[in-house]
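Me: I'm new to this one, so could you take me through a single part of it up close? I'd like to look at the nonpolar core.

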Amino acid sequence: MAGYHTEYSSMKFAMFFMAEYANMITVAAVASLLFLGGWHGPVFGPPLLQALLPVFWFVLRIFVFLFIYIWVRGTLPRFRYDQLMAFGWKFLLPLAIANLVVTAFIVAVRS
């Protein structure tokens with residue numbers, strides 16, 4: 001059994017995973033645009049090749065990002081909900097409060 005997947009069957013299950021992979025492609029495209037240079041890359045050759053190379057570089061960066069995303073997702077273990085909640089309350093919340101205190105101290109000293 002796969003937890004919440006037991007409630008979905010046939011088309012609902014397929015639509016769930018299609019939406020998940022559509023989200024991964026969208027995130028890869030946005031990350032490519034924001035962090036990896038988008039469609040910019042070496043452009044050379046005849047005019048037709050110069051017109052097609054930016055599309056190639058953009059799609060290549062999306063595929064690289066998807067490969068890394070799927071690789072990390074398949075390699076690292078999944079956390080249970082109680083483990084995520086404990087991590088959030090015991091580590092992330094104190095870290096956020098410490099960040100607020102340090103930032104407030106730096107702002108107060110500079111003023």
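Reply: Here's a walk through the core, then a pair of rings, and a word on confidence.

Keep in mind that this is a predicted model. The largest nonpolar core is made up of five residues: M24, A28, A29, I62 and L66. Two elements each give two or more residues to this core, namely α1, spanning 11–35, and α2, spanning 47–75. Of the elements, α1 gives the most, with three residues.

A28 is a good place to zoom in. If you skip its neighbours within four places in sequence, A28 is in contact with I62, F65 and L66. I62 and L66 are core residues, just like A28 itself.

Now for the aromatic rings. The model has four aromatic pairs. One of them is F16 with F17, and that pair is edge-to-face, with 5.6 Å from centre to centre and 80 degrees between the planes. Are these two rings buried or exposed? Neither, quite: F16 is partly exposed because its relative accessible area is 27%, and F17 also counts as partly exposed, since its relative accessibility is 23%. The cut-off for buried is under 20%.

How far can you trust the picture? Across the protein chain the average pLDDT is 89, and 93% of the residues score at least 70. Among the chain's elements, α1 has the lowest mean pLDDT, at 90, while helix α3 (residues 81–110) has the highest, at 96. As a rule, predicted coordinates should not be read in detail where pLDDT is low.

Methods: Residues are numbered from 1 along each chain as its sequence is written. This is a predicted model: local features need pLDDT of at least 70, side-chain atom pairs count only at pLDDT 80 or more; totals for chains, interfaces and linings use all residues. Side-chain values use heavy atoms; hydrogens and water are left out. A nonpolar core is a set of buried Ala, Val, Leu, Ile, Met, Phe, Trp, Tyr and Cys residues joined through side-chain atoms within 4.5 Å. Buried means under 20% relative accessible area, exposed over 50%, partly exposed in between (1.4 Å probe, protein chains only). Helices (H or I, at least four residues) and strands (E, at least two) are DSSP runs, numbered from the N terminus. Contact means heavy atoms within 4.5 Å. Rings of Phe, Tyr and Trp (its six-membered ring) pair if their centres lie within 6.5 Å; planes under 30 degrees apart count as stacked, over 60 as edge-to-face and the rest as tilted. pLDDT is the predictor's confidence in each residue, from 0 to 100.
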